[in-house]
Amino acid sequence: MQDIRLAIFDWDGTLMDSVGRIVASVQGAARDCELAVPSPAQIRQIIGLSLDVAMSRLFPLCSGSGSGSGSGATSGERQIAAIIDRYRHHYLHDATPSPLFFGAGELLHDWQSRGLQLAVATGKSRRGLDRVLDETGLRPLFVTSRGADEARSKPDPLMLEQILDEMGLSPRQAVMIGDSVHDMAMDKAIAMPRIGVTWGVDSRDALSRHGPVAVVDSMTALRTLL
């Protein structure tokens with residue numbers, strides 16, 4: 001991986017330990033909307049997707065209801081929008097801690113100091129990503145970023161293509177680091193090297209099925225790869 005000039009990170013489950021908060025927020029939104037509450041395992045499967053896609057998969061009866069009248073949102077779309085609104089409310093106010101993973105900040109500072117450019121490609125919205133970049137103080141480390149509402153949802157590779165185009169790089173000059181199969185499938189679609197991390201939502205076996213360069217179990221192991 002000698003020619004790598006840009007490391008693109010997923011956020012939730014890769015840099016930030018936010019899976020518990022996401023699970024609690026989705027379950028809170030379901031209760032608010034009087035829907036069946038998904039299990040933690042079900043919710044973990046949609047982490048990394050854009051909220052509209054994620055909620056439509058978790059609550060298919062909502063996304064499939066109503067045919068509309070030719071204009072405006074269908075009743076299903078309005079229900080999904082209401083779930084997303086309640087999810088965002090819970091995520092802002094939920095008390096579940098969501099710190100950076102141990103060693104994440106040090107890794108980012110180390111790689112940047114050695115001349116590696118850093119970026120983020122996440123299932124978060126731009127508003128949500130901006131909030132955590134400011135809360136963690138990490139914004140200055142990243143040369144660019146994409147949220148889910150600025151491209152198509154993972155595993156579509158559009159957000160990666162946008163980042164590469166902005167930076168003037170080819171897929172082989174970048175590497176994507178993520179914790180989910182959605183990250184791995186996104187990278188694989190454009191033949192970008194990829195590294196899976198096991199401290200997020202998906203297992204080593206699941207990540208390995210997408211042909212990553214490596215799957216690592218710690219920030220220390222990740223740090224040595226580049």
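Which loop is Glu34 found in? Glu34 sits in the loop between helix 1 and helix 2 (40–44). Keep in mind that this is a predicted model. Here's a quick tour of the overall fold, the largest pocket and a few backbone oddities.

**Overall fold**

- You're looking at a chain with 11 helices and six strands.
- The radius of gyration is 18 Å and the globule rule gives 17 Å for 226 residues, so the chain is as compact as a globular protein of that length.
- Run along the principal axes and the C-alpha trace covers about 55 × 40 × 35 Å.
- Of the 226 residues in the chain, 52% are buried.
- Take the contacts with a separation of 6 or more: 63% of them link residues 24 or more positions apart.
- The chain's accessible surface adds up to about 10200 Å², and carbon and sulfur atoms own 50% of that.

**The largest pocket**

- If you want a spot to look at, the largest pocket has a volume of about 350 Å³.
- Its lining is made of 22 residues, and the ones nearest the centre are Leu51, Tyr87, Gly123, Lys124 and Ser125.
- Several helices chip in: helix 1 (19–32), helix 3 (51–58), helix 5 (75–93) and helix 7 (126–136) each give the lining at least two residues.
- Helix 5 has the largest share of that lining, with four residues.
- Sorted by class, the lining of the largest pocket comes out as 11 nonpolar, six charged and five polar residues.

**Backbone oddities**

- As background, most residues other than glycine have a negative phi, and most peptide bonds are trans.
- Glu34 isn't a glycine, yet its phi is positive at about 60°.
- Back in that loop between helix 1 and helix 2, Glu34 is exposed, with a relative accessible area of 75%; the cut-off for exposed is over 50%.
- Ala191 is another non-glycine with a positive phi, this time about 55°.
- You'll find Ala191 in the loop between helix 9 (181–189) and strand 5 (194–197).
- With a relative accessible area of 40%, Ala191 counts as partly exposed, because that class lies between the 20% and 50% cut-offs.
- There's a cis peptide bond too, running from Lys154 to Pro155, with omega near 10°.
- Pro155 belongs to the loop between strand 3 (144–146) and helix 8 (158–167).

Terms used: Residues are numbered from 1 along each chain as its sequence is written. This is a predicted model: local features need pLDDT of at least 70, side-chain atom pairs count only at pLDDT 80 or more; totals for chains, interfaces and linings use all residues. Side-chain values use heavy atoms; hydrogens and water are left out. On a 1 Å grid over the protein atoms alone, a cavity is a set of points where a 1.4 Å probe fits but cannot get out, and a pocket is an open set with protein on both sides within 12 Å along at least five of seven lines; lining residues have an atom within 4 Å of a point. Grid points are joined across faces, edges and corners, and a volume is the space filled by probe spheres set on the points. Ala, Val, Leu, Ile, Met, Phe, Trp, Tyr, Cys and Pro count as nonpolar, Asp, Glu, Lys and Arg as charged, and the others, Gly among them, as polar. The radius of gyration is taken over C-alpha atoms; the globule rule is 2.2 Å times the number of residues to the power 0.38. Buried means under 20% relative accessible area, exposed over 50%, partly exposed in between (1.4 Å probe, protein chains only). Contact means heavy atoms within 4.5 Å. Accessible areas come from the Shrake-Rupley method with a 1.4 Å probe; for residues, only the protein chains shown count as cover.
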